[in-house]
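Thank you all for coming. I would like to walk you slowly through one chain today, so please keep the picture in view while I speak.

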Amino acid sequence: MNIEEFFELSAGKWFSHRTSHHLAFKESEDGKSDIVIESLAADHPEVIKLCEQYEIHPSSASCGARVTWNGTMEWDEEKHSGSTVLVTVPNTENPDEGKLLREMGYAEKAPVAGTYKMGSDGALMLITEYETMWSEERLWFASPNLRMRVSILKRFGGFSMASFTSEIRMGGTAASEKANAAANSVNATAG
């Protein structure tokens with residue numbers, strides 16, 4: 001599976017359940033969200049705008065997505081909602097690796113660029129360094145309608161958090177046959 005197929009397979013409406021472990025406090029909390037992921041073509045105006053913001057030529061982008069979320073965390077019961085645009089810029093020597101541009105980071109509310117790497121197992125690895133923290137995420141499809149995610153977030157002061165998230169497709173755009181076949185192919189070889 002390549003990065004474009006991964007983004008295409010991710011398009012739709014998802015129910016997300018996350019368990020986060022706050023290692024410094026030795027406590028965990030649950031969170032639930034509704035997530036909508038919309039695929040954006042490489043020539044979409046929002047993709048072009050984000051590339052220009054990072055001073056990257058828009059023709060370097062391979063695909064993009066708009067991600068919108070609305071959820072709650074167990075501890076605060078406050079609504080957590082927002083939206084961001086993501087754009088992939090593949091490495092010219094190895095398109096399975098590259099930059100992931102974000103209109104707004106998840107951990108800090110500012111634009112941030114990270115790196116991505118598509119594994120031979122169909123998993124997407126994301127590494128992002130923020131001003132005060134570092135995150136690593138691994139996302140993969142257990143099936144075309146079940147996506148898993150594990151992440152580690154480390155603050156430079158020593159605070160760490162680890163999360164496991166399962167995301168179930170609730171509807172929206174159906175992935176193309178090519179993206180479904182790529183997910184099923186990866187799962188068949190992994191099992």
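**Walking around the barrel**

Let me begin with strand S1 (residues 12-22), which is joined to S2 by 11 bridges, the two strands running antiparallel. Before going on, I should say that this is a predicted model, in which local features need pLDDT of at least 70 and side-chain atom pairs count only at pLDDT 80 or more, while totals for chains, interfaces and linings use all residues. Residues are numbered from 1 along each chain as its sequence is written, and side-chain values use heavy atoms, with hydrogens and water left out.

When I say strand or helix, I mean a DSSP run, numbered from the N terminus, of at least two residues (E) for a strand and at least four (H or I) for a helix; two strands pair if DSSP finds at least two bridges between them.

S1 also has S10 as an antiparallel partner, joined to it by 10 bridges. Thr-19 shows both pairings, since its bridge partner in S2 is Asp-30 and its bridge partner in S10 is Phe-164. In the hairpin of S1 and S2, which has 4 residues between the strands, Lys-26 takes a positive phi near 55 degrees.

How many strands close into the barrel, and in what order? There are 10, in the order S1-S2-S3-S4-S5-S6-S7-S8-S9-S10, and the pairing is antiparallel. From one strand to the next, the twist averages 25 degrees, where axes are lines fitted to C-alpha atoms, for helices over the stretch in contact, and angles run from 0 to 180 degrees between N-to-C directions. Further round, S6 and S7 pair in the antiparallel sense over 4 bridges, and Thr-115 has Ile-127 as its bridge partner in S7.

The protein chain has 3 helices as well as its 10 strands. Helix H2 (residues 45-53) lies across S2, S3, strand S4 (79-90) and strand S5 (97-102), running at about 75 degrees to S4.

Let us turn to the interior. A nonpolar core here is a set of buried Ala, Val, Leu, Ile, Met, Phe, Trp, Tyr and Cys residues joined through side-chain atoms within 4.5 Å, and buried means under 20% relative accessible area, exposed over 50%, and partly exposed in between, with a 1.4 Å probe and protein chains only. The largest such core has 20 residues, and those with the most contacts inside it are Phe-7 and Leu-124. Among the elements that give it two or more residues are helix H1 (3-10) and strand S8 (133-143). A second, separate core of 10 residues includes Val-47, Ile-56, Val-89 and Leu-101. In soluble globular proteins, nonpolar side chains tend to be buried together.

Finally, I would like to set two serines side by side. Is Ser-160 buried or exposed? Ser-160, whose place is in strand S10 (residues 160-171), is buried, because its relative accessible area is 15%. Leaving aside its neighbours within four places in sequence, Ser-160 is in contact (heavy atoms within 4.5 Å) with residues including His-21, Leu-23 and Leu-153. Ser-81, by contrast, lies in strand S4 and counts as exposed, because its relative accessibility is 52%. Not counting residues up to four places away in sequence, Ser-81 touches Trp-69 and Asn-70, and its C-alpha is 7.5 Å from that of Thr-68, although the two residues are 13 apart in sequence.
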